[in-house]
Amino acid sequence: MGYLQRTKSLLKCMVCVPLAVCVFYITAPSVRLLIGFVPMDKCSLEDGQMLSLDNSADASLDLGSRHDVQTCTSWKAPIIWDGMFDPDLYDQTHKREGSSVALTVFAVGRYLDAYLKTFLTSSEHHFMLGLPVTYYVFTDLPEKVPDVRLAPQRRIKVVKVERHSRWQDISMMRMKVISDVIESDIRHSCTHVFCFDVDQVFTGRFGSEALGDSVALLHAHYYHLPKWWFTYDRNPKSKAYLETGDFYYHAAIFGGSWKSVKALTEACYQSIMEDKKNNVEALWHDESHLNKYLWLHKPSRVLSPEYCWDTSIGYRSDIRVARLLWAPKHYNTLRTP
């Protein structure tokens, strides 16, 4: 074997071996269990009064009640975990302030039959109970939206959208659709917006403690991993390019005041369209653009993985309650090619 060929073989091994280790590290159940013992950073603040407050109830947050997890960010935003907050205090505060919530969800193609009814039914049992909620269901099949019994002050608005040929485009184009409906409708009727993927099931309180000006979610698969494992888009040609960041955020849930969500969705859509002009597609599509935006514009509130948990990860002692669960994924049959 010549010198050049040996060199090529060595370089190939140097690339393939770490990649194989990475895949094993993320996917092996025993390794996922061990990841849970990797310590998180710790909050440097002594109490909730030192936070940059989204509302008066935040001053009551007990940042020291959870020594096993990180309860605030370096920019003084709270990270919400079970045991830190008084749910009644948050509910009373938001009722007094007149908070109302728009929930947006896309149910396109086969996703509507597979997930929408369970999503809406479970939401009625757990999501923002006691507050006015308007569900904005975006679908290409309005006539198939299920009839779900709603509590008082809760309603459903169905918005017909185009069905794109690629699931990646459905995922990315939702940013423009959300921005448009905020401008035309939501801004006139709701104080806050939460955007959800439909393939999820509410299983516990997802309440007013989650409301803030700009709300992001820690990805369940990454919150214990070192930052250099985060799968940001590392392609300098993409507008989503991010060399480093604070956390890895999950695009399955994001929210905030209608103004903040409109700014986020507009910015992500513009970045996506600029990538398209340059024949570039971000690694994780809209999630990559979301992470870039939240690196540049820090969220005022971060939700722990309790608010979107994947049971395939296995037992984690720091997940005391699962408020929303990933539904079983059937990508091979549900996603259009």
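What volume does the second largest cavity have? In this predicted model, the second largest cavity has a volume of about 40 Å³. It belongs to a set of 2 cavities of 30 Å³ or more that a search of the whole structure finds. Rolling a probe the size of a water molecule over the atoms shows where empty space is left.

The lining of the second largest cavity is made up of Ser214, Phe254, Gly255, Ser260, Val261, Leu264 and Tyr293. By residue class, this lining comprises 4 nonpolar and 3 polar residues, with no charged residue. Two elements, strand E8 (253–257) and helix H6 (258–277), each contribute at least two residues to the lining. The greatest contribution is that of H6, which provides 3 residues.

Tyr293, one of the lining residues of this cavity, is also among the buried residues of helix H7. That helix spans residues 286–296, and 8 of its 11 residues are buried, so H7 is largely enclosed by the rest of the structure. Besides Tyr293, the buried residues of H7 are Asp286, Glu287, Ser288, His289, Leu290, Asn291 and Leu294. His285 lies in the loop that joins H6 to H7. With a relative accessibility of 9%, His285 counts as buried, because the cut-off for burial is under 20%. Its backbone is notable in one respect: phi of His285 is positive, at about 55°, although the residue is not a glycine.

A positive phi in a residue other than glycine also occurs at Met128, where the angle is near 50°. Met128 is placed in the loop between helix H4 (110–126) and strand E3 (133–139). Its relative accessibility is 1%, and Met128 therefore counts as buried.

On the other side of H4 in the sequence, Gly109 occupies the loop between strand E2 (101–106) and H4. Gly109 has a relative accessibility of 6% and so counts as buried. The C-alpha atom of Gly109 is 7.7 Å from that of Thr139, a residue 30 positions away along the chain. When residues up to four places away in sequence are left out, Gly109 touches Asp140, Leu141 and Arg163.

A further buried loop position is Thr71, with a relative accessibility of 1%. Thr71 lies between helix H2 (29–35) and strand E1 (79–80). A polar atom of the Thr71 side chain is 2.9 Å from the backbone oxygen of Leu63. Leu63 is also among the residues that Thr71 touches beyond four places in sequence; the others are Cys43, Arg66, Ala77, Pro78, Ile79, Trp81 and Met84.

Turning to the protein as a whole, the secondary structure consists of 8 helices and 10 strands. The chain has 337 residues, of which 51% count as buried. Among contacts with a separation of 6 or more, 75% are between residues 24 or more positions apart. The protein exposes about 16,000 Å², and carbon and sulfur atoms supply 57% of this area.

How values were computed. Residues numbered from 1 in each chain as written. Predicted model: local features only at pLDDT ≥ 70, side-chain atom pairs only at ≥ 80, totals over all residues. Heavy atoms only, no water. 1 Å grid on protein atoms, 1.4 Å probe; cavity = no way out; pocket = protein on both sides within 12 Å on 5 of 7 lines; lining within 4 Å. Points joined across faces, edges and corners; volume = space filled by probe spheres on them. Helix = DSSP H or I, 4+ residues; strand = E, 2+ residues; numbered from the N terminus. Nonpolar A, V, L, I, M, F, W, Y, C, P; charged D, E, K, R; others polar. Buried < 20%, exposed > 50% of the residue type's maximum accessible area, 1.4 Å probe, protein only. Contact = heavy atoms within 4.5 Å. Areas by Shrake-Rupley, 256 points an atom, 1.4 Å probe, with all protein chains shown as cover. Polar contact = N/O pair within 3.5 Å; in protein donor to acceptor, adjacent residues only side chain to side chain.
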